[in-house]
Amino acid sequence: MGTTASGFISFCRNTWDACPRASGVRAERRGQDEIELRFKNVDDVKLVDRELMKEFRRYLYEDSRDAAAGTVKLRIENE
C-alpha cells in the first residue's frame, strides 16, 4: 500500500506542476493512512474531482475537504 500512496503523491505533484490552472500543491503523507493535499490557491481544491481520482479510487477515498483552507485529506483504503 505504501507504493500506492507514494505513486499518488508523485502523480499529484506532476499533475499540478504541469497544469497551468493550478498555482501549486503540496502533497504529504500523514501517518500510515492519510495523504493531505494543500493548495496555494484555495480555489484549486475543486481540481480534485472524480476524473482525477478515478485511477486511484480502489485505494484511496476522500476523508475531508476544506475549501476555505485549500486542503483535501485522503485516506488509504485498508483491505
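Biologist: Why does E36 count as buried or exposed, whichever it is, in this structure?

Modeller: Happy to explain! This is a predicted model, and in it E36 has 7% relative accessibility. Buried means under 20%, so E36 counts as buried.

Biologist: What makes the pairing of E36 with R38 a salt bridge?

Modeller: Their side chains meet at 2.9 Å, N to O. The cut-off is within 4 Å, so the pair qualifies as a salt bridge. R38 itself has a relative accessible area of 35%; that lies between 20% and 50%, so R38 is partly exposed. Both residues also belong to a network of salt bridges that links R26, E28, R30, E36, R38 and K73.

Biologist: How do you know that β1 and β2 are paired strands?

Modeller: Pairing takes at least two bridges, and 6 bridges join β1 (residues 25-30) to β2 (residues 34-39), so the two count as paired. They run antiparallel, and R30 has E34 as its bridge partner in β2. The two strands form a hairpin with 3 residues between them, and G31 in the turn has a positive phi of about 65°.

Biologist: Why is E51 called exposed, while its salt-bridge partner K54 is called partly exposed?

Modeller: Exposed means over 50%. E51 reaches 53%, so E51 passes that mark, whereas K54, at 47%, counts as partly exposed.

Biologist: And what makes T71, in strand β4, buried?

Modeller: Its relative accessible area is 9%, which is under 20%, so T71 is buried. Leaving aside neighbours within four places in sequence, T71 is in contact with L37, R38, V45, R65 and D66.

How values were computed:
Residues numbered from 1 in each chain as written. Predicted model: local features only at pLDDT ≥ 70, side-chain atom pairs only at ≥ 80, totals over all residues. Heavy atoms only, no water. Helix = DSSP H or I, 4+ residues; strand = E, 2+ residues; numbered from the N terminus. Buried < 20%, exposed > 50% of the residue type's maximum accessible area, 1.4 Å probe, protein only. Contact = heavy atoms within 4.5 Å.
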